[in-house]
Amino acid sequence: MRLGGRLQAVIDVLHDFERHKRPVSETLNDWGRSHRFAGSGDRYEIGNIVYDALRRRASISWRMESDAISDLAYGALLIHGRLDMQAIKRKLAEDNFAPRPLAEEKQILWQSRDLANALDHIRADIPQWCSCSLEKLLGSHWVEEGMALATRPPLDLRVNPLISTPERAIKALHVSGVTPVAWYAQALRISPVKEQRSHSNVRGEAAFRNGWVEVQDLGSQLASSLCRVEPGMQILDYCAGTGGKTMALAAAMKNSGKIHAFDAEKARLIPIVGRLHRAGVRNVQVHVNSSTLESLSGQMDVVVVDAPCTGTGVWRRRPDIKWRLNKIHLEKRIAEQYAILEKASTFVGPRGRLVYITCSVLFEENDCQVAHFLARHVDFRASDMRICWNRIVSRQGQAPLPYFSEHGILLSPRLTGTDGFFISVLKKR
């Protein structure tokens with residue numbers, strides 16, 4: 001496919017996404033199945049442009065003075081500067097499948113409007129109603145963080161120390177651009193994709209199939225380390241999901257002690273058994289019914305709550321959820337988090353720890369939620385997260401400094417080069 005056909009495909013996909021209000025990944029998959037003639041390079045380029053359009057939707061629309069899907073698609077082509085107006089015109093003129101050219105007045109607007117003059121939420125590429133919440137948690141840098149959350153993300157891998165080492169894993173991976181993270185020993189990184197390329201199929205590599213590495217964002221790896229689990233402990237991973245953090249905890253415990261993995265959404269647990277087996281994990285018991293947890297009440301050394309949240313911290317990877325999010329969704333998540341924290345806290349033993357994690361950058365889901373919990377539970381206190389952070393990075397090179405809030409720590413794409421993660425460690429008195 002030439003550029004014109006790809007651009008028309010982007011417009012079609014974005015129209016379908018708007019019409020059916022479903023995850024954009026599903027929309028792209030459906031387009032691929034119904035257009036078998038499109039090669040892998042075509043699908044990658046179309047996907048990249050679609051995701052860029054959604055990441056930068058507010059700023060593109062402002063520069064175009066238009067919310068039209070076709071203008072959004074053209075803007076996504078132009079934002080990285082790989083092609084200018086004239087180059088796009090030449091390429092589209094050669095393609096019978098190209099959409100209508102960008103209107104002359106839109107071209108003039110694009111070239112004349114300076115994004116520095118836009119309102120803060122437009123420069124940050126976020127819904128306007130989220131501005132106050134981001135500012136409360138991120139302070140004066142919230143616009144820059146919003147902009148960082150609108151960039152293409154890297155692909156991070158966690159090396160499994162139960163089976164391999166970073167050096168062996170790098171040699172075994174037949175993918176380009178894999179480098180170690182200098183300040184965090186178990187992490188490998190593949191830089192964000194450029195142009196029409198995609199990240200290599202790491203899951204097809206022998207190193208992945210044999211459990212040497214797992215795909216896991218560096219922020220999630222750091223959140224797992226901040227739980228500070230040790231061999232022999234009794235752990236409850238109360239919102240285990242598909243098991244990413246569960247496996248990281250098991251590796252830190254060297255397969256000693258016991259991890260109880262539970263998730264209220266049973267379907268999310270389906271992949272966990274296969275993942276644990278592949279990673280050589282032997283100290284995890286999976287619970288599909290909450291009733292089987294009752295005997296653990298007041299017995300756990302660490303209870304990990306990776307709470308359901310709005311997902312604002314992963315807007316780089318899932319930009320479609322950014323524009324579907326509203327205050328009703330936020331209120332629903334806050335209520336769920338409240339209930340989960342209440343129940344999970346009952347499993348914490350004497351002098352145990354409750355670790356609260358979200359992949360959100362909204363104040364209401366993070367510091368505010370922890371403050372409300374501490375007000376209700378005087379037998380818990382918040383740990384000093386500066387000390388916790390220094391413990392996990394002090395011997396691993398020059399580490400960046402994240403945000404330290406009153407009750408937790410916030411990782412972010414701008415400061416730590418990760419997805420947005422909030423972590424608070426609450427110690428039982």
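These are my notebook entries on a predicted model.

**Entry 1: helix H1**

I began with helix H1, which covers residues 3-20 and so counts 18 residues by the definition of its run. From its first C-alpha to its last, H1 reaches 26 Å, close to the 26 Å expected at 1.5 Å a residue. I then looked up which residues of H1 are buried. The list holds Leu3, Gly4, Gly5, Arg6, Leu7, Ala9, Val10, Ile11, Val13, Leu14, Asp16 and Phe17. I asked which helices these buried residues pack against. They pack against H2 (24-34), H3 (40-55), H4 (57-64), H5, H6 and H16 (320-324). Just after H1 I noted lysine 21, whose phi is positive, near 55°.

**Entry 2: helices H5 and H6**

Two of the partners of H1, namely H5 and H6, also pack against each other. H5 spans residues 69-78 and H6 spans residues 85-93. I recorded an angle of about 115° between them, with their axes 10 Å apart. H5 passes H6 in a right-handed crossing. On the H5 side the contact is made by Tyr74, Leu77 and Leu78, and on the H6 side by Met85, Ile88 and Leu92. I sorted these residues by character and found 6 nonpolar, no polar and no charged.

**Entry 3: glutamate 65**

I next turned to the loop between H4 and H5, where glutamate 65 lies. What does this glutamate 65 touch, leaving aside residues up to four places away in sequence? I found Lys106, Leu109 and Arg113. For leucine 109 I also looked up the separation: its C-alpha atom is 7.6 Å from that of glutamate 65, although the two residues are 44 residues apart along the chain.

**Entry 4: the sheet**

I then examined an open sheet of 4 strands, in the order E2-E3-E1-E4, with antiparallel pairing. Why is one side of E2 and of E4 left without a neighbour in the sheet? Strand E2 (178-180) and strand E4 (213-215) stand at the edges and each has a single partner strand, so one side of each has no neighbour there. The twist averages 30° from one strand to the next.

Within this sheet I followed strand E1 (residues 155-159) and strand E3 (residues 187-190), which pair in the antiparallel sense over 4 bridges. Leucine 155 stands opposite isoleucine 190 in E3. Lastly, I noted that helix H13 (residues 218-225) lies across E1 and E3 and runs at about 35° to E1.

Definitions and conventions:
Residues are numbered from 1 along each chain as its sequence is written. This is a predicted model: local features need pLDDT of at least 70, side-chain atom pairs count only at pLDDT 80 or more; totals for chains, interfaces and linings use all residues. Side-chain values use heavy atoms; hydrogens and water are left out. Axes are lines fitted to C-alpha atoms, for helices over the stretch in contact, and angles run from 0 to 180 degrees between N-to-C directions. A crossing is left-handed if the near helix is turned anticlockwise from the far one by less than a right angle, and right-handed if clockwise. Contact means heavy atoms within 4.5 Å. Ala, Val, Leu, Ile, Met, Phe, Trp, Tyr, Cys and Pro count as nonpolar, Asp, Glu, Lys and Arg as charged, and the others, Gly among them, as polar. The expected span of a helix is 1.5 Å times one less than its number of residues. Buried means under 20% relative accessible area, exposed over 50%, partly exposed in between (1.4 Å probe, protein chains only). Two strands pair if DSSP finds at least two bridges between them.
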